[in-house]
Structure formats: C-alpha cells, structure tokens
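Dear colleague,

Please find below the structure for your consideration. A summary of the findings follows it.

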Amino acid sequence: MKIELTDEIKKFTEFAKEEITISRFEHSQRVADIALELSIIHGYKSPSDAYLAGILHDITKQKNNSFHIEIFKNHKFEYIDLPTQAYHAFSASFVLQDRFNFNKIEVLNSIQSHTLGSDEMSLLEKILYVSDFLGSEYALRAEEYSLWLENSKKDIYFGMYLKSSKTIQDLTEKKLPIHTNTITVYNNTVKRLIPNHSIS
Ligand SMILES: [Fe+2]
Ligand SMILES: [Fe+2]
C-alpha cells in the first residue's frame, strides 16, 4: 500500500530521520506502513494520520532520561509512576506540540499509549500499539510472523493480546515489574479473541 506523500508527511518524515538512528527510523517506517494497512482494513477514518503516527511514535526514543524529565517538568506532567521505557511515548507527544504546534489529538494520544496501552483505547491507539509490535525486530524474526500479521488484520484484538502477552512474558523472564496498563490490555483482549486464534 502506498501513502500519498503530502507536505505534512514529508516534513515529519524528514524530522523523524534527523531525530533517530537509521535502524530506529527503518522501524518507524515499517510501523507506519503496517499502521496504514491496518487502518484501511479496520476502517480508521484517516489512514494518512495512522501512517503519520507510525513515523512519529519513536522520535524521542533515543534521548536520555534528563531530556524526557525536563519536558515533563515544563508540562507539569506527573511521571513518577511511569516506567522509564515509556518516557519516550509521552515526551514525543510534547515535542510535537512544542515544536510544531501539532494538535491532532488522536495521533498524539496514540503516540502516548503505544508502549503501555490503556484501559480504553481509540481505534488509532489500538492500531499503533499493534503496528509497533509487528514492526519490531523481535516480531520480524519470529517464525510465526506472517500468522501474527494475518490474525491482526482479521482481529485487532489479536494483535493487542499478542503484544501485551509477549511484553508480560519478556518482563517476567527478566524479573521486571509489569505496568498495570499492560495487564489491563491483556485482560481486555484475551477474552475478546476470535476463537481459534492461537498465538503461534
Ligand atoms: Fe516506542
Ligand atoms: Fe516503536
């Protein structure tokens, strides 16, 4: 599927390219392509915004904690309970607002929730959450990749279940705490799976 390269898409693609390493940028392009496809399949009203969310979701991923914390303080954003791996999701949305007056609220919300998910996610939030996983090196290397992609096209809840369960598995193996939002996404989606969608 090809995206129409509007001035907005071109501008933010150039910006993303300057902010992150080439491998992170390539991940963002994969996420954007998958988000575009899933948005068309699942009927999201603005596939180009889904693509944009994919391009922009990790723009601050490679900044250090002091960068994120300074932004949080400027915005009086409460970050104490936020795991450090989710800092970039929130700082990215603040950077877009501060530097570009970016005000597409659904895109900003989807960027904010792409790491942890949340209890009530909009269609675009679901799409970006799933696309981020399917565009990861980890997912791409998996033998089951094409099955995961196909099942996520049939049922977005499958992709959400997949990402949340893999995150829980990974954190458990590393003996790291699991954020309650991740458990909530898992609980909300495991019961909504279309029967016979196995994880592998
Ligand atoms: Fe991310
Ligand atoms: Fe990502």
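**The metal sites**

In this predicted model, the iron ion (ligand 1) is coordinated by Asp58 through OD and by His88 and His114 through NE2, at 2.1 to 2.2 Å. Along the sequence, these donor residues follow the spacing D-x29-H-x25-H. The two histidines link distant parts of the chain: His88 belongs to helix H5 (residues 87–100), while His114 sits in the loop between helix H6 (105–112) and helix H7 (123–134), 26 residues apart. Burial is counted under 20% relative accessible area. His88 therefore counts as buried, with a relative accessibility of 5%, and His114 counts as buried because its value is 1%.

The iron ion (ligand 2) has as its protein donors His27 (NE2), His57 (NE2), Asp58 (OD) and Asp132 (OD), which lie 2.1 to 2.2 Å from the ion. The angles among the four donor atoms run from 85 to 175 degrees, and the site is irregular. In sequence, the donors of the iron ion (ligand 2) are spaced H-x29-H-D-x73-D. His27 is part of helix H2 (residues 22–41) and His57 is in the loop between helix H3 (47–56) and helix H4 (65–74), so this pair ties together parts that are 30 residues apart in sequence. His27 and His57 are both buried.

Finally, the two sites are connected. The iron ion (ligand 1) and the iron ion (ligand 2) are 3.5 Å apart, and Asp58 coordinates both.

Yours sincerely

Terms used: Residues numbered from 1 in each chain as written. Chains lettered and ligands numbered in written order. Predicted model: local features only at pLDDT ≥ 70, side-chain atom pairs only at ≥ 80, totals over all residues. Heavy atoms only, no water. Donors = N, O, S within 2.8 Å, 3.2 Å for Na, K, Ca; no water. Helix = DSSP H or I, 4+ residues; strand = E, 2+ residues; numbered from the N terminus. Buried < 20%, exposed > 50% of the residue type's maximum accessible area, 1.4 Å probe, protein only. Tetrahedral: all angles 85-135°; square planar, octahedral: opposite > 155°, others 65-115°.
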